Amino acid sequence: MKFSGKVGFWLKDVETKPGVYKPGIVEKHYTGDVLRNSRRFQQAENQQNENLRITNRLSIISDLYMQKNWGSVKYVSWNGVNWSVSSVDISSYPRAILELGGVYNGKTSTT
């Protein structure tokens, strides 16, 4: 299965007004392959509904930006949902392996 989507990088917060900061999120488009495509429900304490977790692994074609900023990867937009990135492996250059986790509810470049 092929992957095509955006990867969100957190660089640094930007001061828009004195004392008001906006997250410095940059999104870049990447393509690659889906190495593993699976999901599971995780029981959450004090919640009636279970949390959806995916344990997908994506192998994306890396570029210089990814190689320099791999430690700042926060989320991947895939199939209309932002997923948090739990780990990044850049040892297989020119590929970067991203492991995804739960739904990402943090700031994005558009919020």
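## The loop between β9 and β10

Pro94 sits in the loop between β9 and β10. In this predicted model, the peptide bond joining Tyr93 and Pro94 is cis, with omega at about 15°. That is worth a second look, as most peptide bonds are trans. Pro94 also turns up among the contacts of Ile60, once residues up to four places away in sequence are set aside.

The two strands on either side of this loop form a hairpin with five residues between them. Strand β9 covers residues 81-89 and strand β10 covers residues 95-103. They run antiparallel and are joined by five bridges. For a handy landmark in this pairing, look at Val85, which stands opposite Leu100 in β10.

## The turn before it

One hairpin back along the chain, β8 and β9 are linked with two residues between them. Their pairing is antiparallel too, over four bridges, and Ser77 stands opposite Asn82 in β9.

What is the phi of Asn79 like, positive or negative? It is positive, about 55°, although Asn79 is not a glycine. Most residues other than glycine have a negative phi. Asn79 lies in the loop between β8 and β9, and because its relative accessible area is 69%, it counts as exposed.

## The chain as a whole

Stepping back, the chain holds one helix and ten strands. Read from the N terminus, the order is β-β-β-β-β-β-β-α-β-β-β, so to place the helix, look for residues 64-69. The chain has 111 residues, and 34% of them count as buried. Its accessible surface comes to about 7100 Å², with 48% belonging to carbon and sulfur atoms. Among contacts between residues at least 6 apart in sequence, 53% join residues at least 24 apart.

## The nonpolar core

The largest nonpolar core has 18 residues. Which of them touch the most other members? These are Val7, Leu58, Ile60, Met66, Val76, Trp78 and Leu100. As for where the core residues come from, β1, β4, β7, β8, β9 and β10 each supply at least two of them. In soluble globular proteins, nonpolar side chains tend to be buried together.

Ile60 makes a good vantage point for looking around this region. Leaving out residues up to four places away in sequence, Ile60 touches Phe3, Val7, Tyr30, Thr31, Gly32, Met66, Pro94, Arg95, Ala96 and Leu98. Pro94 in that list is the residue with the cis bond to Tyr93. Leu100, one of the well-connected core members, is the partner that Val85 faces in β10.

## Aromatic pairs

How many aromatic pairs are there? The count is four. One of them is Phe3 with Trp78: the ring centres are 6.2 Å apart and the planes meet at 70°, over the 60 degrees needed, so this pair is edge-to-face. The two rings come from distant parts of the chain, with Phe3 in strand β1 (residues 2-10) and Trp78 in strand β8 (residues 73-78), 75 residues apart. Both Phe3 and Trp78 are buried.

Phe9 and Tyr65 make another edge-to-face pair, at 5.0 Å centre to centre and 90° between the planes. This pair also links distant parts of the chain: Phe9 is in strand β1 and Tyr65 in helix α1, 56 residues apart. Burial is where the two partners part ways. Phe9 has 0% relative accessibility and therefore counts as buried, whereas Tyr65, at 22%, is partly exposed.

## Around Tyr65 and helix α1

Tyr65 has further company. Ring pairs link Phe9, Tyr30 and Tyr65 into a cluster, and Lys28 lies over the face of Tyr65, at 4.5 Å from the ring centre.

Asn69 is found in helix α1 as well. Is Asn69 buried or exposed? Its relative accessible area is 18%, and because the cut-off for buried is under 20%, Asn69 is buried. Not counting residues up to four places away in sequence, Asn69 touches Phe9 and Leu11. Phe9 is thus a shared neighbour here: it pairs with the ring of Tyr65 and is touched by Asn69.

Conventions: Residues numbered from 1 in each chain as written. Predicted model: local features only at pLDDT ≥ 70, side-chain atom pairs only at ≥ 80, totals over all residues. Heavy atoms only, no water. Phe/Tyr/Trp six-rings, centres within 6.5 Å; stacked < 30°, edge-to-face > 60°. Buried < 20%, exposed > 50% of the residue type's maximum accessible area, 1.4 Å probe, protein only. Lys NZ or Arg CZ within 6 Å of the ring centre and 35° of its normal. Contact = heavy atoms within 4.5 Å. Areas by Shrake-Rupley, 256 points an atom, 1.4 Å probe, with all protein chains shown as cover. Pairing = 2+ DSSP bridges. Core = buried A, V, L, I, M, F, W, Y, C linked by side-chain atoms within 4.5 Å.
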